[in-house]
Amino acid sequence: MAASAVTATLGIAGFLKCGDCGRALTKKNYKNSRGESYYTFQCGTYVRTGNQFCTSHYIKEDVLKHIVLDDLNQIIANITNLVEILNDAQEKSRQSYKKEMYETLLKKNELAISRVRKLKKKVFEEYALGAINSDEYKEYREQYISEEINLEHEKELILSRQNQK
């Protein structure tokens, strides 16, 4: 692609301003000693009035093209870095949520285990006081032991899933 086509593609006409007077830079076509065309951007004030109001300065289109493309590549790299940062933040948030969820599940599980153990103790006390008979005591005790085993198994599953990363 020719340099002028790249410049036109970049759409920089009207955006380039003189660093001294602030006026727009104008595009000028020149030929080198081999007869090859090249473009420069020069201060419009200097081109129209000479050195009366501004100094002679210019930038070659090829140099400008490289500067603009380098800047665009840097912007793209920064965007890529930003996407990586956002992905990392999202993953950390996901991990934090997962950790909180498992901590909540463990607390609920531990409360349930504690409740079942208290019920086991209470049913024994009622049996010892004669409030329930031996058959009732055995039935309740078996239910509570079974529930406690299930809750302990559930706790192990929660812990194993929590430790998976």
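Let me start with serine 37, which is found in strand S2, the run of residues 37–43, and let me say at once that everything I describe today comes from a predicted model. With a relative accessibility of 44%, serine 37 counts as partly exposed. If we leave aside the neighbours within four places in sequence, serine 37 is in contact with Asn29, Tyr30 and Lys31.

That takes us to asparagine 29, which sits in strand S1, residues 25–31. Its contacts, again without the neighbours within four places in sequence, are Ser37, Tyr38 and Tyr39, and so the contact between asparagine 29 and serine 37 appears in the list of either residue. Asparagine 29 has a relative accessibility of 45% and therefore counts as partly exposed, because that value lies between the 20% under which a residue is buried and the 50% over which a residue is exposed.

Now, how far are these strand residues from other parts of the chain? Between asparagine 29 and leucine 159 there are 74 Å in space, taken from C-alpha to C-alpha, and the two are 130 residues apart in sequence. For serine 37 and lysine 122, the separation is 85 residues in sequence and 100 Å in space, once more from C-alpha to C-alpha.

Before leaving this region, I would like to mention glutamate 36, which forms a salt bridge with arginine 34, with the closest N and O atoms 3.2 Å apart. Glutamate 36, at 42% relative accessibility, counts as partly exposed, whereas arginine 34, at 64%, counts as exposed. The count for the model comes to 8 salt bridges, and I will come to others in a moment.

Let us turn to the helices. Helix H3 covers residues 61–129 and helix H4 covers residues 134–163, and the two pack at an angle of about 165 degrees, with their axes 9 Å apart. Which way do they run relative to each other, parallel or antiparallel? Angles over 145 degrees count as roughly antiparallel, and H3 and H4 are therefore roughly antiparallel to each other. Their crossing is left-handed, and the residues of the contact of H3 with H4 divide into 17 nonpolar, 3 polar and 13 charged.

One residue to look at here is glutamate 148, whose place is in helix H4. Is glutamate 148 buried or exposed? Its relative accessibility is 11%, and because buried means under 20%, glutamate 148 counts as buried. Not counting residues up to four places away in sequence, glutamate 148 touches Val116, Arg117 and Lys120.

With which of these does glutamate 148 share a salt bridge? The side chains of glutamate 148 and arginine 117 meet in one, at 2.6 Å from N to O, and this pair links distant parts of the chain, since glutamate 148 is in helix H4 and arginine 117 is in helix H3, 31 residues apart. Arginine 117, for its part, counts as partly exposed at 43% relative accessibility.

The side chains of glutamate 148 and lysine 120 also meet in a salt bridge, with 2.6 Å from N to O, and here too distant parts of the chain are linked, with lysine 120 in helix H3 and glutamate 148 in helix H4, 28 residues apart. Lysine 120 counts as partly exposed, at 26% relative accessibility. Finally, salt bridges that share partners join Arg117, Lys120, Glu148 and Glu152 into one network.

Terms used: Residues are numbered from 1 along each chain as its sequence is written. This is a predicted model: local features need pLDDT of at least 70, side-chain atom pairs count only at pLDDT 80 or more; totals for chains, interfaces and linings use all residues. Side-chain values use heavy atoms; hydrogens and water are left out. Axes are lines fitted to C-alpha atoms, for helices over the stretch in contact, and angles run from 0 to 180 degrees between N-to-C directions. Helices (H or I, at least four residues) and strands (E, at least two) are DSSP runs, numbered from the N terminus. Angles under 35 degrees count as roughly parallel, over 145 as roughly antiparallel, 65 to 115 as roughly perpendicular and the rest as oblique. A crossing is left-handed if the near helix is turned anticlockwise from the far one by less than a right angle, and right-handed if clockwise. Ala, Val, Leu, Ile, Met, Phe, Trp, Tyr, Cys and Pro count as nonpolar, Asp, Glu, Lys and Arg as charged, and the others, Gly among them, as polar. Buried means under 20% relative accessible area, exposed over 50%, partly exposed in between (1.4 Å probe, protein chains only). Contact means heavy atoms within 4.5 Å. A salt bridge is a side-chain nitrogen of Lys or Arg within 4 Å of a carboxyl oxygen of Asp or Glu.
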